[in-house]
Amino acid sequence: MSSYPPYGSGPGGLGQRIEEAIELIEMELRHAAAYVNDAVIPQVRTESISALRTIADSMRKFADRLDQNHPQPPRPPNP
């Protein structure tokens with residue numbers, strides 16, 4: 001005869017401990033999702049906007065330099 005209690009029976013049984021562990025995991029997942037939504041996403045969005053503006057400014061300056069170094073040939077007049 002086994003000295004271990006049957007699975008899921010009585011207080012503190014394996015089934016109850018598994019349920020408690022699942023509840024803790026779900027709580028931690030909710031906290032992690034809230035942190036990502038409240039802190040990570042806004043920061044990523046802010047830094048992405050700043051990076052895109054910096055890239056756009058650099059591309060504009062590069063295009064200006066190309067225009068200065070290689071003037072466009074004159075266009076023929078419209079008939």
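**Salt bridges and surface of a one-helix chain**

Reader: Why is R60 called partly exposed?

Author: R60 has a relative accessibility of 46%. Buried means under 20% relative accessible area and exposed over 50%, with partly exposed in between (1.4 Å probe, protein chains only), so R60 at 46% counts as partly exposed. The model is a predicted one, in which local features need pLDDT of at least 70 and side-chain atom pairs count only at pLDDT 80 or more, whereas totals for chains, interfaces and linings use all residues. Residues are numbered from 1 along each chain as its sequence is written, and side-chain values use heavy atoms, with hydrogens and water left out.

Reader: What makes the contact of D57 and R60 a salt bridge?

Author: The term requires a side-chain nitrogen of Lys or Arg within 4 Å of a carboxyl oxygen of Asp or Glu. The N to O distance for D57 and R60 is 2.7 Å, so the pair satisfies that definition. D57, at 30% relative accessibility, is partly exposed.

Reader: How are D57 and R60 placed in helix 1?

Author: D57 and R60 are 3 residues apart in helix 1, about one helical turn. An α-helix has 3.6 residues a turn, so residues three or four places apart point the same way.

Reader: Which residues do salt bridges that share partners join into one network?

Author: The whole structure holds 3 salt bridges. Besides the pair D57 and R60, the side chain of K61 meets that of D57 at 3.4 Å, N to O, and these two residues of helix 1 are 4 residues apart. R60 also pairs with D64, the closest N and O atoms being 3.3 Å apart. Shared partners thus link D57, R60, K61 and D64 into one network. K61, at 46%, is partly exposed, as is D64, at 35%.

Reader: How do you know that the length of helix 1 agrees with its number of residues?

Author: A helix is a DSSP run of H or I with at least four residues, a strand a run of E with at least two, both numbered from the N terminus. The chain has 1 helix and 0 strands. The expected span is 1.5 Å times one less than the number of residues; the 56 residues of helix 1 should therefore span 82 Å, and the end C-alpha atoms are 77 Å apart, which agrees. Helix 1 does bend by about 35 degrees at V36, as the angle between axes fitted to the seven residues ending there and the seven starting there.

Reader: Why is Y35 called exposed?

Author: Y35 has a relative accessible area of 53%, so it lies on the exposed side of the cut-off. Y35 is in helix 1 (residues 14-69). In the chain of 79 residues, buried residues make up 1%.
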